[in-house]
Amino acid sequence: METESSRIIVFGAGGRVGRAAVAEARRRGHEVTAAGRADGEVTDPAAVARLAAGHDAAIVAVYDPGARPGEFFPAVARAVAQGLPAAGVKRLVSVGLASVLPTAAGDLLMDTPGYPQEWREFYAGHGAGTDALRAAAPDALDWVVLSPAGDFDHDGEPAGGYAVAPAAAGSRITPADFARALLDEIEVPALHRTHAGVAAV
């Protein structure tokens with residue numbers, strides 16, 4: 001079944017996941033705007049609204065190594081929660097982090113035995129971003145946060161499929177397979193106002 005072509009803006013289009021999302025969207029025939037850091041500040045609602053004007057949906061895959069995670073990710077969330085609806089964008093698919101997802105046992109992945117703790121500030125910042133999005137997004141913005149169920153496999157071959165899954169430290173998914181999930185959630189939204197993990201199948 002063919003889906004109608006949409007106009008999609010990808011914030012963070014210069015990163016590995018952003019590039020994969022742009023490629024997958026174009027492969028499906030969508031009109032894509034690849035927005036990088038030079039195009040506007042993603043923590044500024046006015047800049048988000050300006051860049052997103054005329055689009056149907058947005059993918060957010062941003063990261064700033066020079067910013068404090070606990071400040072950057074919530075600021076991004078608040079900016080897109082305000083800027084996207086102001087531009088008339090109704091669907092947001094944001095890229096999150098598995099560390100703040102529950103495992104099948106119910107514990108957050110970052111709280112499981114043996115999980116690396118040296119980047120805990122980064123994990124917590126991502127989680128704070130999702131919390132800020134949940135608090136700030138108006139009903140007019142239908143959003144979901146997707147992350148790998150574990151981590152990205154940047155060197156492997158795409159499996160060609162994926163499934164929504166709880167967090168698992170050993171799970172790996174290529175950016176190409178993950179991009180399929182991002183675009184599916186734009187074309188036929190199935191997840192709403194939640195954070196979900198994605199595993200290769």
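1. Start with H3 and H4. In this predicted model, the axes of the two helices come within 7 Å and cross at roughly 25 degrees. That angle is under 35 degrees, so H3 counts as roughly parallel to H4. The crossing of H3 past H4 is right-handed.

2. Now for who touches whom in that pair. On the H3 side you'll find Pro69, Gly70, Phe73, Pro74, Ala77, Arg78, Val80 and Ala81. From H4 come Glu121, Phe122, Gly125, His126, Ala128, Gly129, Ala132, Leu133 and Ala136. Sorted by class, the H3 and H4 contact has 11 nonpolar, four polar and two charged residues.

3. H3 (residues 69-86) also packs with H2 (residues 45-52). Here the axes come within 7 Å and cross at roughly 40 degrees. H2 and H3 are therefore oblique to each other, and H2 passes H3 in a right-handed crossing.

4. The residues behind that second contact are worth clicking through. H2 brings Pro45, Val48, Ala49 and Ala52, and these meet Ala79, Val80, Gln82, Gly83, Leu84 and Ala86 of H3. No charged residues take part in the contact of H2 with H3, which has eight nonpolar and two polar ones. Keep an eye on Val80: this H3 residue is listed in the contact with H4 and also in the one with H2.

5. The third helix pair is H1 with H5 (residues 175-187), packed at an angle of about 60 degrees with the axes 8 Å apart. H1 and H5 are therefore oblique to each other, and H1 passes H5 in a right-handed crossing. H1 contributes Arg16, Val17, Ala20, Ala21, Glu24 and Ala25. H5 answers with Pro175, Ala176, Phe178, Ala179, Arg180, Leu182 and Leu183. By class, that gives 10 nonpolar, no polar and three charged residues for the contact of H1 with H5.

6. On to empty space inside the model. How many cavities of 30 Å³ or more does a search of the whole structure find? The search turns up one, and about 180 Å³ of space lies in the largest cavity. It is lined by 15 residues, and Phe73, Val76, Ser94, Val95 and Gly129 are the closest to its centre. H3, strand S4 (91-95) and helix H4 (120-136) are the elements that give two or more residues to this lining. The cavity lining has 10 nonpolar, five polar and no charged residues. Two of the central names should look familiar, since Phe73 of H3 and Gly129 of H4 are both in the contact between those helices.

7. Then there is open space to look at. The largest pocket has a volume of about 990 Å³. Which residues lie nearest its centre? They are Val62, Tyr63, Leu97, Phe122 and His126, out of 39 that line the pocket. Phe122 and His126 also appear among the H4 residues in contact with H3. Helix H1 (16-27), H3, H4 and strand S6 (151-152) each supply at least two residues of the pocket lining. By class, the lining of the largest pocket has 22 nonpolar, 11 polar and six charged residues.

8. If you have time for one region, I'd open H3 and H4. Their axes come within 7 Å, both helices give two or more residues to the lining of the largest cavity, and both supply at least two residues to the lining of the largest pocket.

Technical notes
Residues are numbered from 1 along each chain as its sequence is written. This is a predicted model: local features need pLDDT of at least 70, side-chain atom pairs count only at pLDDT 80 or more; totals for chains, interfaces and linings use all residues. Side-chain values use heavy atoms; hydrogens and water are left out. Axes are lines fitted to C-alpha atoms, for helices over the stretch in contact, and angles run from 0 to 180 degrees between N-to-C directions. Helices (H or I, at least four residues) and strands (E, at least two) are DSSP runs, numbered from the N terminus. Angles under 35 degrees count as roughly parallel, over 145 as roughly antiparallel, 65 to 115 as roughly perpendicular and the rest as oblique. A crossing is left-handed if the near helix is turned anticlockwise from the far one by less than a right angle, and right-handed if clockwise. Contact means heavy atoms within 4.5 Å. Ala, Val, Leu, Ile, Met, Phe, Trp, Tyr, Cys and Pro count as nonpolar, Asp, Glu, Lys and Arg as charged, and the others, Gly among them, as polar. On a 1 Å grid over the protein atoms alone, a cavity is a set of points where a 1.4 Å probe fits but cannot get out, and a pocket is an open set with protein on both sides within 12 Å along at least five of seven lines; lining residues have an atom within 4 Å of a point. Grid points are joined across faces, edges and corners, and a volume is the space filled by probe spheres set on the points.
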